[in-house]
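Please open the structure in your viewer and keep the sequence beside it. This tour tells you what to select at each stop and what you will find there.

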Amino acid sequence: MKVIRLHAGRERSLLRRHPWIFDSAIARGGADAGETVRVEAHDGRFLAWAAYSPASKIRARAWSFAEADRIEPGFLHDRLVAAVALRQRLNPASDSVRLVHGESDGLPGFVVDRYGDTLVAQFLSAGAERWKKVLADGLLEATGLQRLYERSDANARALEGLPEVTGWLRGSGPTELTITEHTWRFGVDIAAGHKTGFYLDQRDSRARFAAWVRGFGAQRVLNCYCYSGGFTVAALTGGAGEVTSIDSSGPALERARANVALNGFDAARAEFLDADVNASLRRFGEEGRVFDAIVLDPPKLAPSAAHAERAARAYKDINRLALKLLAPGGLLFTFSCSGGISADLFHKIVASGGTDAGVDGYIAERLGAAPDHPMTLAFPEGEYLKGLVVVRK
């Protein structure tokens, strides 16, 4: 067994069971990509079993903090069974669910979403890549399903020195699927859609938006970065008279239109704009348009803390523009999915945007990812999605 030994004082995070070991913490030792290593403190004390990644700043990711464990197929199978069992207990209001959430489920760099009878997996770390066959077989055994599609095309693969890979790992069939969520149906493309095809993490927030729109009687709704129209459908369900949805992707807008039709809503109530969100918000301000409810759900702007300062300016700008477009008493559902932006920092960014807009508001609710995307006590980075419900004064 290969060993990596840390510099003195760099074992503290591992003693708190945080799974990441950065390159700067390692005094000596190494291994091949994905190989299991014994992680020791500077004095030789055992700290963890981890998967080594020679190309990544996160040089190793811990599988286990128990010295008696052995990282072999049975260990990984048990982790998969536990992750699937948790989702069954959570009983999400959908036939689609996140089954494995990487580090939070003790399987670093491995993400799995279930869409009906089809599984979609991302192998995002060197360790997950090395154990791909075992994880794929174990996943099918744990779920009883037969179709598994790989979407290992996220930017994280490049940071691990891994090429992009997509396609069927097990089974075959159509990649255009229809899923159910709450009372809705959505079309999903697991081969070409964002992430694994759909933003399952916003499941509960979509339901909350429908309830808020209904409760406030919001008629004029703006959905920015609408992707495939989840919040658009939610707004229409809440009784909105007109919903304007903006995205810079033509295929995403076509999917959004189809989802509005799939749920039986009048197309005349939904306007779709293939445009830049910032430019559109400024134009709406110049035109004097006002909205009763606005959703801001932008893509990841700060993948790490190093990008936070630049991302903060972008988040502040769109929130400033949106708050100026809100009618008094209007609703703003604003989100950040950037791991480099903490919940506290996001609150400050939105507050600063309000100050610059000359607008104050009440924080009526805090939102996050649905429970099938868990954050553990030891891994706060799992809280990547932050949301605020702001009611304009």
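Is H182 buried, partly exposed or exposed? Select H182 and show its surroundings: at 31% relative accessibility, H182 counts as partly exposed, where buried means under 20% relative accessible area, exposed means over 50% and partly exposed lies in between, with a 1.4 Å probe and protein chains only. H182 sits in the loop between β12 (176-181) and β13 (184-189); here helices (H or I, at least four residues) and strands (E, at least two) are DSSP runs numbered from the N terminus. The phi angle of H182 is near 55°, a positive value in a residue other than glycine.

Before moving on, note that this is a predicted model, in which local features need pLDDT of at least 70 and side-chain atom pairs count only at pLDDT 80 or more, while totals for chains, interfaces and linings use all residues. Residues are numbered from 1 along each chain as its sequence is written, and side-chain values use heavy atoms, with hydrogens and water left out.

**The start of the chain**

Go next to M1, which lies in the segment before β1 (2-6) and counts as exposed at 67% relative accessibility. If you also select R38, you will see that the C-alpha atoms of M1 and R38 are separated by 6.9 Å, although these residues are 37 residues apart along the chain.

Now select A25, which is found in the loop between β2 (20-22) and β3 (26-28) and is buried, with a relative accessible area of 4%. Its C-alpha atom is 9.0 Å from that of R59, and the two residues are 34 residues apart along the chain.

**The second largest pocket**

Select R17, in the loop between α1 (12-15) and β2, whose phi is near 70°, a positive value in a residue other than glycine. R17 also leads us to a pocket, since R17, F65, R79, E103 and G106 are the closest to the centre of the second largest pocket among the 16 residues that line it. On a 1 Å grid over the protein atoms alone, a pocket is an open set of points with protein on both sides within 12 Å along at least five of seven lines, and lining residues have an atom within 4 Å of a point. The volume of this second largest pocket is about 280 Å³, a volume being the space filled by probe spheres set on the points, which are joined across faces, edges and corners.

Colour the lining by residue type, and it divides into eight nonpolar, four polar and four charged residues; Ala, Val, Leu, Ile, Met, Phe, Trp, Tyr, Cys and Pro count as nonpolar, Asp, Glu, Lys and Arg as charged, and the others, Gly among them, as polar. Strand β6 (residues 58-64) gives the largest share of this lining, three residues.

**Aromatic rings**

A search of the whole structure finds 15 aromatic pairs. Rings of Phe, Tyr and Trp (its six-membered ring) pair if their centres lie within 6.5 Å, and planes under 30 degrees apart count as stacked, over 60 as edge-to-face and the rest as tilted. Select F46 and W49: their ring centres are 5.2 Å apart and their planes are at 55°, so the pair is tilted. Both F46 and W49 are buried.

Then select Y315 and F346, an edge-to-face pair with 5.9 Å from centre to centre and 80° between the planes. This pair links distant parts of the chain, with Y315 in helix α10 (residues 308-325) and F346 in helix α11 (residues 343-357), 31 residues apart. Y315 is buried at a relative accessible area of 0%, and F346 is buried at 1%.

Finish with the rings of F209, F231, F333 and F335, which ring pairs link into a cluster. Within this cluster, F333 is found in strand β18 (residues 326-336) and counts as buried at 0% relative accessibility.

**Two cysteines**

For the last stop, select C224 and C226. The sulfur of C224 is 8.9 Å from the closest cysteine sulfur, in C226, too far for a bond, as a disulfide is a pair of cysteine sulfur atoms within 2.5 Å. C224 is buried, with a relative accessible area of 0%, and C226 is buried at 6%. A search of the whole structure finds zero disulfides.

How values were computed:
1 Å grid on protein atoms, 1.4 Å probe; cavity = no way out; pocket = protein on both sides within 12 Å on 5 of 7 lines; lining within 4 Å.
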